[in-house]
Amino acid sequence: ATSGKVSLRDNRSLNVEHVIEAQSDGLSDLDISGNLLVTCGYTSKYGQVPTERQLTVYDIRTMKSMTPMQLPAQPFFLKFVPAYTSRLALLSQTGLLMLSDP
């Protein structure tokens, strides 16, 4: 999404139920596991739009943001690892692979 917003829809009517301001300038990836929604994306700084060095984490039960996760590199892709319900695999644009728990 170019706006950085995530729209959560009713699965029957497809009406938008909630809109989350996940990233300020756009999303590069998102994933959901259980009650956690995790996003990574972009923030414009000094006329450039680099990926952020943090993940935004939301509890979708309460629709509240949790403490962002600071990372040593800028994640571009993320995926919850199915064998570990809370472990994330993160990949940067330079090819760095990171594993982290939200």
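Is D101 buried, partly exposed or exposed? I looked this up in the predicted model, and D101 comes out as partly exposed, with a relative accessible area of 41%.

**Entry: the D101 pair**

I then checked what the side chain of D101 meets, and found a salt bridge with R87 at 3.4 Å, N to O. This pair links distant parts of the chain, 14 residues apart. D101 sits in the segment after strand 10 (97–100), while R87 belongs to the loop between strand 8 and strand 9. R87 counts as partly exposed too, at 27% relative accessibility.

**Entry: the other salt bridges**

My next stop was the full tally, which comes to four salt bridges. One of them joins E21 and K5, with the closest N and O atoms 3.6 Å apart. E21 is in strand 2 and K5 in strand 1, so I have another link between distant parts of the chain, with the two positions 16 residues apart in numbering. K5 counts as partly exposed, at 37% relative accessibility.

I also noted D31 and K79, which form a salt bridge with the closest N and O atoms 3.9 Å apart. D31 lies in strand 3 (residues 26–33) and K79 in strand 8, so the pair ties together parts that are 48 residues apart in sequence. Is D31 buried or exposed? I find it buried, because its relative accessibility is 12% and the cut-off for buried is under 20%.

**Entry: the first hairpin**

Here I followed the backbone. Strand 1 (residues 5–9) pairs with strand 2 (residues 16–21) in the antiparallel sense, over five bridges. I picked out R9, whose bridge partner in strand 2 is V16. The two strands form a hairpin with six residues between them. In the turn I spotted L14, which has a positive phi of about 65 degrees.

**Entry: the nonpolar cores**

Which residues have the most contacts inside the largest nonpolar core? I listed V38, L55, L78, L88 and L90, in a core of 13 residues. Two or more residues come from each of strand 4 (36–42), strand 5 (54–59), strand 8 (75–80) and strand 9 (88–92). Strand 4 gives the largest share, three residues.

I took a closer look at L55. Leaving out residues up to four places away in sequence, L55 touches V38, T39, C40, P68, M69, L71, P75, L78, L88 and L90.

Apart from the largest core I found another one, of seven residues, including V6, L8, A22 and L37.

Technical notes: Residues are numbered from 1 along each chain as its sequence is written. This is a predicted model: local features need pLDDT of at least 70, side-chain atom pairs count only at pLDDT 80 or more; totals for chains, interfaces and linings use all residues. Side-chain values use heavy atoms; hydrogens and water are left out. A nonpolar core is a set of buried Ala, Val, Leu, Ile, Met, Phe, Trp, Tyr and Cys residues joined through side-chain atoms within 4.5 Å. Buried means under 20% relative accessible area, exposed over 50%, partly exposed in between (1.4 Å probe, protein chains only). Helices (H or I, at least four residues) and strands (E, at least two) are DSSP runs, numbered from the N terminus. Contact means heavy atoms within 4.5 Å. Two strands pair if DSSP finds at least two bridges between them.
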